[in-house]
Amino acid sequence: MYRVAGSHLRSLKHHGASRFASTSVVKQSSGGLFSWLLGGGSTKLPPLDVPLPGIIIPPPLPDFIELPKTKITTLPNGIKIASETSPGPAASVGLYIDCGSVYESPSSSGASHLLERMAFRSTTNRSHLRLVREVEAIGGNVSASASREQMSYTYDALKSYAPEMVEVLLDSVRNPAFLEWEVKEQLQKIKSEISEINDNPQGLLLEALHSAGYSGALAKPLMATESVINRLDISTLEEFIHENYTAPRMVLAASGVEHDELVSIAEPLLSDLPAVKRREEPKSVYVGGDYRCQADSPTTHIALAFEVPGGWRQEKTAMIVTVLQMLMGGGGSFSVGGPGKGMYSRLYRRVLNHYEQIESFSAFNSIYNNSGLFGIHAATSPDFASTAVDLAAGELLEVATPGKVTQEQLDRAKEATKAAVLMNLESRIVASEDIGSQVLTYGERKPIEHFMRAVDETTLNDISSVAKKIISSPLTLASWGDVIHVPSYESVSRKFHAK
């Protein structure tokens, strides 16, 4: 059979060679298959090694392309403008403000959440309809986000529309109209979000970990609570903006816009902001604690967390924690995909592959400027809750014990961490956010090589020593669902702090 097939193949090759042996034959052909099918006349095709007329071939890329540098300009009033160029046709511009729920007072509780919902609504210069039409006219995309320590407003579109992007962005932030009917509409939507919070137990537990684990600013809720909805009004928003949206606490960041162009566009729109003294950062103290919420659910959600001391301001520790979280990994009991989806992480191989009662089991971290949380979240059947807590405690104690993590596991986690960071930074919006966040935190944007080097330098001793330091802090335990079988706080805490 193979001999016959080979004979046919040789004959086909020979036949093809006789038909297309020279370019002169091609030039005299009937114009190709499509011409023959459509009945067209003969055309002469140039040889493949001759460039088509009028086509300019771009020069090949060099072997090494230097990464764009982030340039920063500080205006006289203290606001910073930072940007980096990119080769693509689009750009992302964002205004990042050192402001969030940590700056809320009892009277302004929930203001950050409402401001996020009120972003890109009516301003004193344009209606909401006109703003939407202007964004759609250039194919743009706008978004806003509120976190505990930062507010962000972003605009993504083609870079040729940079002046329009910056003007609309700054008009939306600086000149909100806060029309009464728009504010009431968004308050109703927040009420709907609150009523649906039980549909997101993991998010609820993350909020609970902050309220139970901290005393001070980080204990304040990120989502507006039902008790404050009726107190939030236009005057609360205006006062909160007046106190916190000040020049020294703002960074206008862009990915894909030339720096000089961005400065020339933005400076006239920002130079009139008053230069005021930067407000002192609110203090937070990690204390640990216990939160339990009984709910009618077939699944019990449990989270164990500890403090990451120093937060991003101790960046070496923060980077080790990032690698540690990737090392432990985890995920859902059903995960589509293979390598890169967490299926080779410790929690997946050691827990999820062996206990069918567990629906999800994953490590998490939430890091802020001066503190952070690191721990494990588990979702399991109620009667397996006690075992799930034991497994989570055991895994945290394991990584804190020298010799329990292998070099192969660490190397895989380091490569996965670098890949995740680099792939995320391919997004213009992520790159813009990274510029703004770093400038707000450090006063500069550190090169990516700096963080890659920190990952590469992470050792097995770093992993065990940082993990040991983390679990030496007080435990924060949070649970939701059928919590009857969740062990007591004292019994779980003794696993880590046995005398």
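Reader: What is the strand order of the open sheet, and how are its strands paired?

Author: In this predicted model, the open sheet has six strands in the order β1-β2-β7-β3-β5-β4, and the pairing is mixed.

Reader: What makes β1 and β4 edge strands?

Author: Each of them, β1 (71-74) and β4 (141-146), has a single partner strand, so one side of each has no neighbour in the sheet. Neighbouring strands here are turned by 15° against each other on average, direction ignored.

Reader: How do you know that β4 and β5 pair, and in which sense?

Author: Two strands pair if there are at least two bridges between them. β4 and β5 (residues 151-158) have six bridges, in the antiparallel sense, so they count as paired. Within β5, D156 stands opposite N141.

Reader: Which helix packs on the sheet, and which strands does it touch?

Author: Helix α11 (residues 259-270) packs there, touching β1, β2 (80-84) and β7 (250-255). The direction of α11 makes about 155° with that of β2.

Reader: Why is the pair R445 and E84 called a salt bridge?

Author: The term requires a side-chain nitrogen of Lys or Arg within 4 Å of a carboxyl oxygen of Asp or Glu. For R445 and E84 the N to O distance is 2.8 Å, so the pair meets the cut-off. Both residues are buried.

Reader: What parts does the pair R445 and E84 tie together?

Author: R445 lies in the loop between α16 (428-442) and α17 (448-456), whereas E84 is in strand β2, so the pair ties together parts 361 residues apart in sequence. A search of the whole structure finds 23 salt bridges.

Reader: What makes R313 and E281 a salt bridge?

Author: Their closest N and O atoms are 3.1 Å apart, and the limit is 4 Å, so the pair qualifies. R313 is in the loop between β10 (300-307) and α12 (315-328), and E281 in the loop between α11 and β8 (284-286), 32 residues apart.

Reader: Why are R313 and E281 called partly exposed?

Author: Buried means under 20% relative accessible area and exposed means over 50%, with partly exposed in between. R313 has 34% and E281 has 24%, so both fall in the middle class.

Reader: How far apart are the closest N and O atoms of D290 and R292?

Author: They are 2.9 Å apart, and the two residues form a salt bridge. D290, at 36% relative accessible area, is partly exposed, and so is R292, at 31%. Elsewhere, salt bridges that share partners join R126, R130, E134, E167 and D171 into one network.

Reader: How do you know that E182 has no salt bridge?

Author: The nearest side chain of opposite charge, R121, is 6.0 Å from E182. A salt bridge needs a distance within 4 Å, so this pair does not count. E182 is in helix α7 (residues 180-195) and is buried.

Reader: What polar contact joins the side chain of E182 to another?

Author: One of 2.8 Å joins E182 and S122. Leaving aside neighbours within four places in sequence, E182 is in contact with M118, R121, S122 and H128.

Reader: Why are F120 and F178 called buried?

Author: The class requires under 20% relative accessible area. F120 has 6% and F178 has 5%, so both belong to it. F120, in the loop between α4 (111-117) and α5 (128-137), has a positive phi of about 60° although it is not a glycine. F178, in the loop between α6 (162-174) and α7, has a positive phi near 50° and is likewise a residue other than glycine.

Methods:
Residues numbered from 1 in each chain as written. Predicted model: local features only at pLDDT ≥ 70, side-chain atom pairs only at ≥ 80, totals over all residues. Heavy atoms only, no water. Helix = DSSP H or I, 4+ residues; strand = E, 2+ residues; numbered from the N terminus. Axes fitted to C-alpha atoms, helices over the stretch in contact; angles between N-to-C directions. Contact = heavy atoms within 4.5 Å. Buried < 20%, exposed > 50% of the residue type's maximum accessible area, 1.4 Å probe, protein only. Lys, Arg positive; Asp, Glu negative; His and termini not counted. Polar contact = N/O pair within 3.5 Å; in protein donor to acceptor, adjacent residues only side chain to side chain.
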